[in-house]
Amino acid sequence: MANKNVWDPDWDISDEIAQQLIYSQFPQLSSHAVQRLGHGWDNTVFLVGGKHVFRFPRRELAVDLIHLEGKLLPKLDGLLTLPYPKPLFYGKGTSEYPPPFLGYSYVKGSFPQKLADEQRAKSAKKLGQFLRRLHSFPVQIARENGAPEDHRKLMDIPARKEKMQVFLSRLSNQMEEKERAALVDYFNQLSTDPVRESNVFSHGDLHFKNVLVDEQGDVSGIIDWGDMSVGHAAGDLSIGYSFLPPRARHTFFEEYGEVDEDTKRLARMMAIYIPMLVWLQAIDDGDKRLAQEAKATIARALTDEECHDR
C-alpha cells in the first residue's frame, strides 16, 4: 500500500539496533551511551556520548541525502559563520537495517520554541551573514558533488499555492477564525507571477526545526543538511520571515545583501508553506508543542512591520 503522507517511514529503527550498529562498526564509541533524540521527515536521530549525532534514514529518499551530506559538508569547512554538523562516521547498512547511516559532530543547542521577539531579533545579523557566506559557495563545485537542481521546484508558485490551500482545509479545525481568515487573505493576495531564476548553493530546508539556539535564544547552529541543492535563494531566505520578527528583517536583508521584491514574495511563501506541513505532521504525531510552534511561525511570517507596530 502506498504511503499516506510524505513523512511516513520506509524504515523504523529501534534504540537497540541503532546502538548495536554504532558499537559494532565504530568500537571506539562502545563506551558511550546512545540516546534517541527524535525523528524528522527523513531521519531518526541519536545522540552518542554527548559528543556525536547519528542519523538513520527513515525513507528511501534520505539515503541519497545522507550520501550528499557526506560529500559536500566537509567542503564547507572554514566558510560558514555558524556551527554545523561535520560528518565523521560513515556507517554501512546490514540485514537488520539496510540503508547506510552517518555520524556527525554534535552541535549544541535546542530548538527555538517560545522565544520572545527580542531574543529572535538578536540573531538577524548573524543569520544574514551566515546565508551570505553559504550562498557564495561555488555552484559548480556543488553540482560536481551531486547537489540537485531546484529539486523542490521552488519557483512553481501556482502549484505550491494550490497545495497550501489544501493544507488550510485540513488545518482549519485547528485554527481560530481570525487565524484562518489571515491565511485566506494572504492566499487571495499572493501573486503567482513568475520569479526570476536565481541559482545559489543553498541549505534547502532552513526552518525552525533545523535551527538551534543557545540558552539566551541566540542562534547557535544549523542542522539537517540533506536537502542541499542549487536553486533559488528564497528557500533559505524564508528564515527571515519564519524565525525573525518583522522589525528585525531589515537588518537581516541588509547583512545578506540586495534582495528584490519577487524573491521576498517567494521567501515569505516558503516561510508559510513549510510550517503548515510541519503542523500537519505534528497533528499526526500527537506533538502539541510542535503544532503550537508551527502555528506561531505562520503568524509571524504573515505579519508585516506596519502591522506589528499598531
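Reader: Which elements do the buried residues of H4 pack against?

Author: They pack against H3, S6, S8, H8, H9 and H10. Here a contact means heavy atoms within 4.5 Å, and helices (H or I, at least four residues) and strands (E, at least two) are DSSP runs numbered from the N terminus. Please keep in mind that this is a predicted model, in which local features need pLDDT of at least 70 and side-chain atom pairs count only at pLDDT 80 or more, while totals for chains, interfaces and linings use all residues. Residues are numbered from 1 along each chain as its sequence is written, and side-chain values use heavy atoms, leaving out hydrogens and water.

Reader: Which residues of H4 are buried, then?

Author: Ala124, Leu127, Gly128, Phe130, Leu131 and Leu134 are. Buried stands for a relative accessible area under 20%, exposed for over 50%, and partly exposed for what falls in between (1.4 Å probe, protein chains only).

Reader: What makes the buried residues of H4 line one face of the helix?

Author: Looking down the axis of H4, they fall within an arc of 160 degrees, so they sit along one face. The arc is that of the directions from the helix axis to the C-beta atoms.

Reader: And why is glutamine 129 called partly exposed?

Author: Its relative accessible area is 31%, and that value lies between the limits for buried and exposed, so partly exposed is the right label. Glutamine 129 belongs to helix H4. Beyond its neighbours within four places in sequence, glutamine 129 is in contact with Thr81 and Glu255. Lysine 71, which is 58 residues away along the chain, has its C-alpha atom 24 Å from that of glutamine 129.

Reader: Which residues in helix H10 are buried?

Author: In H10 (residues 249-256) they are Arg249, Phe252, Phe253, Glu255 and Tyr256. Down the axis of H10 these buried residues also fall within an arc of 160 degrees, so they too line one face. The face turned away from that buried side carries the exposed residues His250 and Glu254.

Reader: What do the buried residues of H10 pack against, and what follows H10?

Author: Their partners are helices H4 (124-134), H8 (234-237), H9 (239-242), H11 (261-285) and H12 (288-302). After H10 comes glycine 257, with a positive phi near 125 degrees.

Reader: How do you know that leucine 21 counts as buried?

Author: Its relative accessibility is 4%; the limit is under 20%, so leucine 21 qualifies. Leucine 21 is part of helix H1 (residues 15-25). Setting aside residues up to four places away in sequence, leucine 21 touches Ile13, Phe56, Thr94, Tyr97 and Phe101.

Reader: Why is serine 202 called buried?

Author: Serine 202 has a relative accessible area of 4%, under the 20% limit, so the name fits. You will find serine 202 in strand S6 (residues 200-202). Not counting residues up to four places away, serine 202 touches Leu134, His135, Asp227, Met228, Ser229 and Asp236.

Reader: What makes lysine 114 exposed?

Author: Its relative accessible area is 76%, which is over 50%, so lysine 114 is exposed. Lysine 114 lies in the loop between strand S5 (101-105) and helix H3 (117-121). Although lysine 114 is not a glycine, its phi is positive, about 60 degrees.

Reader: Where does aspartate 224 lie?

Author: Aspartate 224 is in the loop between strand S8 (219-222) and strand S9 (229-231). Its phi is near 60 degrees, a positive value in a residue other than glycine.

Reader: Why does arginine 170 count as partly exposed?

Author: At 41% relative accessibility, arginine 170 falls between the two cut-offs, so partly exposed is the label. Arginine 170 is in helix H6 (residues 157-171). Arginine 170 and phenylalanine 130 are 35 Å apart, C-alpha to C-alpha.

Reader: How do you know that the radius of gyration agrees with a compact globule?

Author: The protein chain has 310 residues and a radius of 19 Å, and a compact globule would come near 19 Å, so the two agree. The radius is taken over C-alpha atoms, and the globule rule is 2.2 Å times the number of residues to the power 0.38. The C-alpha trace spans about 60 × 40 × 35 Å along its principal axes.

Reader: How many helices and strands does the protein chain have?

Author: There are 13 helices and nine strands. Of the 310 residues, 52% count as buried.
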